[in-house]
Amino acid sequence: MAQLSKLLGLRIRELRKSKRLTQAQLAEAIGMETTNLCKLENGCQFPKEENIEKLANFLGVAVKELFDFEHFQTSQNIQENLIFTIKHANDKDLKMYYKLITAVREQF
């Protein structure tokens, strides 16, 4: 859960900053102590379910968007995940991945 807490904290910080809010402003808006929000953003603490909903609502995103971490992955992580997925794909899926990648590459 430590990795999840860190990624969620990064995402909360990213969304907060995109709204030009300070930690104090966001904490006050959702009824949380600033020190607890700081712990969330630093990945030291995982928020309660009710606070996840409050954060999402105030930041104007769906709860699932709080857990959108893909853009935090390094190129190395993405490459490793792709290689693993391809190596473990059955023939049908492998052909589908190839078609998908080819179609996307043609768009650029």
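Q: Let's start with Arg 20: is this residue buried or exposed?
A: Arg 20 counts as exposed, because its relative accessibility is 76% and the cut-off for exposed is over 50%. Keep in mind that we're looking at a predicted model.

Q: Where does Arg 20 sit?
A: You'll find Arg 20 in the loop between helix H1 (2-18) and helix H2 (23-30).

Q: How do I read the phi of Arg 20?
A: Here's the general idea: most residues other than glycine have a negative phi. Now the case here: Arg 20 is not a glycine, yet its phi is positive, at about 55 degrees.

Q: OK, zooming out. How many helices and strands does the protein have?
A: There are seven helices and zero strands. Read from the N terminus, the order of elements is α-α-α-α-α-α-α.

Q: Why is the protein described as more spread out than a compact globule?
A: You compare two numbers. The radius of gyration is 18 Å, while the globule rule gives 13 Å for 108 residues; the value is well over the rule, so the protein is more spread out than a compact globule. As for its dimensions, the C-alpha trace spans about 50 × 30 × 25 Å along the principal axes.

Q: What share of the residues is buried?
A: Buried residues are those under 20% relative accessible area, and they make up 24% of the 108 residues.

Q: What about contacts between residues that are 24 or more positions apart?
A: Take the contacts with a separation of 6 or more: 58% of them join residues 24 or more positions apart.

Q: How do I describe the packing of H1 and helix H3?
A: Look at an angle and a distance. H1 and H3 (residues 34-41) pack at about 120 degrees, and their axes are 7 Å apart. On the H1 side, Ser 5, Gly 9, Leu 10, Ile 12, Arg 13 and Arg 16 take part, and they meet Leu 37, Leu 40 and Glu 41 of H3. Sorted by type, the residues of this contact are four nonpolar, two polar and three charged.

Q: Arg 11 is in H1 too. Is Arg 11 buried or exposed?
A: Arg 11 is buried, since its relative accessible area is 10% and the buried class is under 20%.

Q: Which residues does Arg 11 touch?
A: Leaving out residues up to four places away in sequence, Arg 11 touches Glu 65, Leu 66, Asp 68, Phe 69, His 71 and Phe 72. You can also check C-alpha distances: Arg 11 and Ala 56 are 45 residues apart along the chain, and their C-alpha atoms are separated by 11 Å.

Q: How many aromatic pairs are there, and how do I read one?
A: A pair of aromatic rings is described by the distance of the centres and the angle of the planes. This structure has one such pair. The ring centres of Phe 67 and Phe 69 are 6.1 Å apart and the planes are at 65 degrees, so the pair is edge-to-face. Phe 69 is buried, with 13% relative accessible area, whereas Phe 67 is partly exposed at 30%.

Q: Last one: how many disulfides are there?
A: Zero. The cut-off is that two cysteine sulfur atoms must lie within 2.5 Å. The cysteine sulfur closest to that of Cys 38 belongs to Cys 44 and is 7.7 Å away, which is too far for a bond. Cys 44 is in no disulfide either. As for accessibility, Cys 38 is partly exposed at 28%, and Cys 44 counts as exposed at 65%.

Technical notes: Residues numbered from 1 in each chain as written. Predicted model: local features only at pLDDT ≥ 70, side-chain atom pairs only at ≥ 80, totals over all residues. Heavy atoms only, no water. Buried < 20%, exposed > 50% of the residue type's maximum accessible area, 1.4 Å probe, protein only. Phe/Tyr/Trp six-rings, centres within 6.5 Å; stacked < 30°, edge-to-face > 60°. Helix = DSSP H or I, 4+ residues; strand = E, 2+ residues; numbered from the N terminus. Axes fitted to C-alpha atoms, helices over the stretch in contact; angles between N-to-C directions. Contact = heavy atoms within 4.5 Å. Nonpolar A, V, L, I, M, F, W, Y, C, P; charged D, E, K, R; others polar. Rg over C-alpha atoms; globule rule 2.2 N^0.38 Å.
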